[in-house]
Amino acid sequence: NGWSGWYKGWFFRSLRELSFMVNVIERFGFKWKTGESRRYMISYIDYNGEKRNYFPDFILNDKYMVECKPKALHNTSMVMAKSDAANEFCISKGMKYKMMSSGSLTDEEIMNLYVSGSIVFTPRYEAKFAKRYLNND
């Protein structure tokens with residue numbers, strides 16, 4: 001988590017999102033866009049009773065709203081509150097909400113994407129990448 005950058009010009013906020021872009025969206029040729037726009041903003045009440053806004057990760061084929069989360073988090077109160085609100089939102093818009101936990105890219109796949117120029121990390125994570133994958137301190 002927390003890794004961010006651009007994959008072929010599209011921003012990702014985690015390696016899970018990057019993995020979904022590569023292993024699902026690109027593999028199956030989905031037409032997609034980010035859910036990070038006011039058009040897809042979903043208001044919900046969090047576990048503390050506070051009103052919050054949630055933006056899903058992806059919109060696929062203008063039909064599916066997708067959130068990438070590890071299975072271990074699917075039943076947490078925060079994720080369930082977001083999911084319930086997202087399901088209601090999707091029903092009202094003729095869409096379907098999907099919580100996905102796609103497999104992660106291997107270190108070799110990440111390195112190949114980096115070397116090919118397909119991914120560019122934000123400066124903070126560029127340094128983290130260099131330390132982890134290039135053995136640079």
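Below is a short working chat about a predicted model.

Q: What kind of model is this, and what pLDDT do local features need?
A: The model is predicted: local features need pLDDT of at least 70, side-chain atom pairs count only at pLDDT 80 or more, and totals for chains, interfaces and linings use all residues. Residues are numbered from 1 along each chain as its sequence is written, and side-chain values use heavy atoms, with hydrogens and water left out.

Q: How many helices and strands does the chain have?
A: Four helices and nine strands. These are DSSP runs numbered from the N terminus: helices are H or I with at least four residues, strands E with at least two.

Q: In what order do the elements run?
A: From the N terminus, β-β-α-β-β-β-β-β-α-β-α-β-α.

Q: What does the C-alpha trace span?
A: About 45 × 35 × 25 Å along the principal axes of the chain.

Q: How much of the chain is buried?
A: 42% of the 137 residues. Buried means under 20% relative accessible area, exposed over 50%, partly exposed in between (1.4 Å probe, protein chains only).

Q: And contacts, what share joins residues at least 24 apart?
A: 54%, among contacts between residues at least 6 apart in sequence. A contact means heavy atoms within 4.5 Å.

Q: New topic. Where does Val-120 sit?
A: Val-120 is in strand 9, residues 119-121.

Q: Why does Val-120 count as partly exposed?
A: Because its relative accessibility is 44%.
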